[in-house]
Amino acid sequence: MDDLLREFLTETAESLAVLDVELVRFERESSDATILGNIFRLMHTIKGTCGFLGLPRLGAVAHAGENVLGKFRDGELSVTPNAVTLILKAIDQIRVLLAEMESTGAEPAGSDEELISEINALATGAMPPAKAESPAFNDEGFPVAAELLAEVAEALKNEPAPAPQRIPAPEPKQPVAQKEATDPKEPALASSSIRVNVDTIENLMTLISELVLTRNQLLQLQRAQKGSEFKVPLQRLSHITSDLQDGVTRMRMQPIGNAWAKLPRIVRDLAVETGKKIDLLMQGAETELDRQVLEMIKDPLTHMVRNSADHGIEDGRTRASAGKPETGTITLDAYHESGHIFIRIADDGRGLDVDRIRKKAISNGLISETEIAGMSEQQVLQFIFRPGFSTAEKVTSVSGRGVGMDVVRTNIERIGGTIELNSVAGHGTTFLIKIPLTLAIVSALIVEVSGQRFAIPQLNVIELVGMSDSAGARIETINTSPVLRLRDRLLPLVSLRTLLGLEASAKAQDRFVIVAQVGATTFGIIVDRVFDTEEIVVKPLAPVLRGTRFYAGNTILGDGSVIMILDPTGVSVGAGQSDHEAQKNDAVNTLDGDQSSFLLFRAGSSELKAVPLELVARIESLKVASIEHVGGRRVVQYREKLMPLVPFDAMQEWKASGQQPVLVFSDRDRSMGLAVDEIVDIVRDRMAVELSGERAGLLGSAVIGGKAVDVVDIGYFLTQAFTDWFDGEEGKGTNRRALVVDDSPFYRNLIAPLLSAANWQVTTAADGAEALKLRDSGHQFDIIISDIEMPNLDGLALAGEIRGDARWQKTPLIALSSHAEEDDVDAGRAAGFDEYLPKSDQARLPDNLVRAIRAVTARNAEPLRRAS
Amino acid sequence: MTNQIEIPFGADIEKSLDLAALPKLCLVVDDSKTIRRFTMQILESLNFIVAEAENGRDAVETCREVSPDLVLLDWNMPEMDGITCLRALRAMTLNPRPVIVMCTTENGMPKIREALECGADEYIMKPFDRDVLFDKLVQLELAERP
């Protein structure tokens, strides 16, 4: 592109930004000749420059605008909102043309005849005088123009006019001496500032972090030498480096007012469109923050101010009848406090409608009626931050365009900020945003996993939990996910080692859990070691790594090593826990000891049914509309797979609409859903099942939580969903015999139905002694599954007895124990067990058991066949 | 500093300098950077040395420092407009006395008369191109046809 044209684009974009602000000011203070003079001159200059560059189309629009402004100036035309809207339209059109020119390098073909004749009609007074002179904003005033305007404004938002920063700096050739001498006077806005390309500053920042690194290395060397003469100069170097770092960080700062520049215009347009009167107060516009942060909050701020103007502020009549001033006020306030920037967006409008939010949350299926009833107003308000939530009854042309408060929150959290909301019905809504001053240097916790170090932004770290045995903190497993019981909460955990696929470290180490928070989600990150907190310089990820979600960047530590900075948001996804699930797990947790948790539900009939909670992978509430019919069966898309849904009772009526409660049972790669009528409760109790085979699908009955319940045989439903769930290659109907030895009735009752569903005849024994009695009475089994820890005769002793006696010597033995450390497994195998399964992995237990059985029977089949 | 050479400075050096052949210094005053660049390109191609100012006040400052031979002065500018600047320049003792050309889109006679009365030597209508400006400079004997 021609240099001259590029210059023109930059210059005009700046002029237009000023014009926007000045025009809105002028509308209020239309008697202020200085403002008008300034506006006129800017438009005049644009027009004049167009003449030089041969840009007739742009020149014509500017000329029409200048013409009207001239009439304002000469008092020939009165200043009305409609007239100002038209001028703004002209400005927008100029912007559109500029954007086109920026991409193509030439003035686009076409004509703006319509707009120009509209403006000329205004200038010549052809406009109906009633409208032109209408002093107040009202609903009649120019709906078409306003709509167009809104659309243009929106288009511009998406495709910004040439921003000054994006234009490469002009080539630094200075052919003439005099020219060079006058150059410092050039900057258009303030003579005390110069414009520097952002890249230059970024490069400087990179160089400074290199310098910091080198300084640190020098300091380390110097420390090793006693009484070095380098000590003093090194200290000075150290100070200078720090100052330099501060200085460059400050260079990246921009006043927040830059992000606010478009807001007066937006509010003004909205006021005209909706017929409201709105004042926009901006305080602390000079508050500076990192330009990167500034970019990130620009859109969220705009969105919130729009929301306030569109939904928050009432129309004049409503306000008047509520005893409030007719003109609503939106206040923007920015200030520094303790290393953070606070931005307050407040309006004195109607406040958020808690009831509407409540209804919407329920109708959107975000929460159930009973759950929300127990929530405070403050909690209910938080729903506006949930994805897909919008309370606007009618979508107006300016706001309500799909971006919701959830996007706002995401954007703010991405830069390590938080957003709080406060709303008082009838008095207004206040948002308080807290964001870090800069993203370039953050405080981070350095941790180690498998010998590799990582940085976790301190902002996300809530606390550290040491996992040494004495601390009593234990990692448990719920479903397939590790959790930490921390005080009264269950904290979902993610092992950094597993997540990043690192090698297990050779030596056993004390482990730590970093309790981290991302938004409303709290989770734990398991690491090997925790070092110190350090101020680190964030360097952007190399492009090749940008696809990974676990890293936010990298940094260089004082010792020169390069380490990765973890992105807690990405890692939390790895934890696989949304906050909602975490809450559920709070209620769902299991405990050791004989007691177990049961899920009580109703299905098919009014009797309570129970299922051991361990077996339930998830409790879901599916939209009935999402249930599909495939080949006479009901399925639903669940976690990117089709999940069969089985009714508890064949006669059970499917819900026609609304939500269908479903219990999800999973093994490694398959899930099935058991459709029930109602989830009643989760209780903890000792399980004492009276087995009865009365009905398919029921194990028997038990008294749980003081109520008689039917205990459900999940194995039955699993085979209904997947007929091959338990099938081995052996096929069915062989009537093999299994002995289950366990002192816990719960486990006996858990395993027995699993095996019987796979066509085993199951006998149970409460301990080793009881098992040996069965041997003495002449029973033979095809497989023995035994617990290790049992009274009277434990599993290891039992195995010894079995292997030491010819009667059961060849019978495959599988150990099932809650202790499955390597030592335990070794001891088990030494005692004579063929397989050793952990109890802790309950969700996979059925699957593991089936595989273990297959493995041991196959192994034993070999020698048997040879023998026969 | 290696590219610096010593030139013997004789007494006859004055004679060898043809002052008239030295390039002229022109100050371009306009609030549009684009217009300044445009005008500077033309002037430089005509062997002028060009300084610039973005408003009347800057122009007055620059003239105090460098005393240009020619000032192209825009009318409508922030800080200090062209007519005020013109009055200020004419009130100053400048050596040489600069030729001042008002560049304007104001085509009403009263304005032009006002400018001439205030000491403008010539006026030129905006927009102008290379030929128009060149003609004007020839007319003012600041440029010669080849």
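This is a short tour of a predicted model with two chains, A and B, stop by stop.

**Stop 1: the two chains**

Start by colouring the model by chain. Chain A has 868 residues, and 36% of them count as buried. Its secondary structure comes to 27 helices and 35 strands. Take the contacts in chain A with a separation of 6 or more: residues 24 or more positions apart account for 66% of them.

Now click over to chain B. It has 146 residues, of which 36% count as buried. You'll find 6 helices and 5 strands here, and if you trace the chain along its sequence the pattern reads α-β-α-β-α-β-α-β-α-β-α. For contacts with a separation of 6 or more in chain B, residues 24 or more positions apart make up 58%.

**Stop 2: where A meets B**

Show both chains together and look at where they touch. On the chain A side there are 19 residues in contact with chain B, and on the chain B side there are 21. Which helices of chain A each supply at least two residues to its side? Select α1 (3–28), α2 (33–53) and α8 (177–182) of chain A and you have them. Keep α2(A) highlighted for a moment, as it gives the largest share, 9 residues. Colour the chain A side by residue class and you get 6 nonpolar, 8 polar and 5 charged residues.

**Stop 3: α1(A) and α12(A)**

Stay with α1(A), and add helix α12, residues 263–274 of chain A. The two axes come within 8 Å and cross at roughly 50°, so these helices are oblique to each other. The crossing is left-handed. To see the contact itself, show side chains for Asp20(A), Val21(A), Val24(A) and Glu27(A) on α1(A), then for Pro264(A), Arg265(A) and Arg268(A) on α12(A). By class, that contact has 3 nonpolar, no polar and 4 charged residues.

**Stop 4: α9(A) and α10(A)**

Next, select residues 198–224 and 231–251 of chain A, which are helices α9 and α10. Their axes come within 10 Å and cross at roughly 160°, which means α9(A) is roughly antiparallel to α10(A). Here too, the crossing is left-handed.

There are plenty of side chains to switch on. From α9(A), the contact includes Ile201(A), Leu204(A), Ile208(A), Leu211(A) and Arg215(A). From α10(A), try Leu234(A), Leu237(A), Thr241(A), Leu244(A) and Val248(A), which are among the residues that take part. How many residues of each class does the contact of α9(A) with α10(A) have? It has 13 nonpolar, 4 polar and 2 charged.

**Stop 5: α13(A) and α18(A)**

For another pair, pick helix α13 (residues 291–312) and helix α18 (residues 405–414) of chain A. They pack at an angle of about 150°, with their axes 9 Å apart, so α13(A) is roughly antiparallel to α18(A). α13(A) passes α18(A) in a left-handed crossing. On α13(A), show Met296(A), Ile297(A), Asp299(A), Pro300(A), His303(A) and Met304(A); they meet Val408(A), Asn411(A), Ile412(A) and Arg414(A) on α18(A). The classes here are 6 nonpolar, 2 polar and 2 charged.

**Stop 6: one face of α25(A)**

Move along to helix α25, residues 795–803 of chain A. Which of its residues are buried? Select Gly795(A), Leu796(A), Leu798(A), Ala799(A) and Ile802(A). Turn the view until you look down the axis of α25(A): those buried residues fall within an arc of 160°, so they line one face of the helix. A handy rule to keep in mind while you look: an α-helix has 3.6 residues a turn, so residues three or four places apart point the same way.

To see what covers the buried residues of α25(A), bring up its surroundings in chain A, including β31 (736–741), α24 (768–776), β33 (783–786), β34 (813–817) and α26 (822–831).

**Stop 7: Ser817(A)**

Last stop: zoom in on Ser817(A), which sits in strand β34 of chain A. Is Ser817(A) buried or exposed? It is buried, because 22 other C-beta atoms lie within 10 Å. Now select Asp787(A) as well. Ser817(A) and Asp787(A) are 30 residues apart in sequence, yet 5.4 Å apart in space, C-alpha to C-alpha. Leaving aside neighbours within four places in sequence, Ser817(A) is in contact with Asp787(A), Ile788(A), Glu789(A), Asp824(A), Pro838(A) and Lys839(A).

Methods:
Residues numbered from 1 in each chain as written. Chains lettered and ligands numbered in written order. Predicted model: local features only at pLDDT ≥ 70, side-chain atom pairs only at ≥ 80, totals over all residues. Contact = placed C-beta atoms within 7 Å. Helix = DSSP H or I, 4+ residues; strand = E, 2+ residues; numbered from the N terminus. Nonpolar A, V, L, I, M, F, W, Y, C, P; charged D, E, K, R; others polar. Axes fitted to C-alpha atoms, helices over the stretch in contact; angles between N-to-C directions. Parallel < 35°, antiparallel > 145°, perpendicular 65-115°, else oblique. Left-handed = near helix turned anticlockwise from the far one by under 90°. Buried ≥ 20, exposed ≤ 12 C-beta atoms within 10 Å, placed from the backbone. Arc of directions from axis to C-beta.
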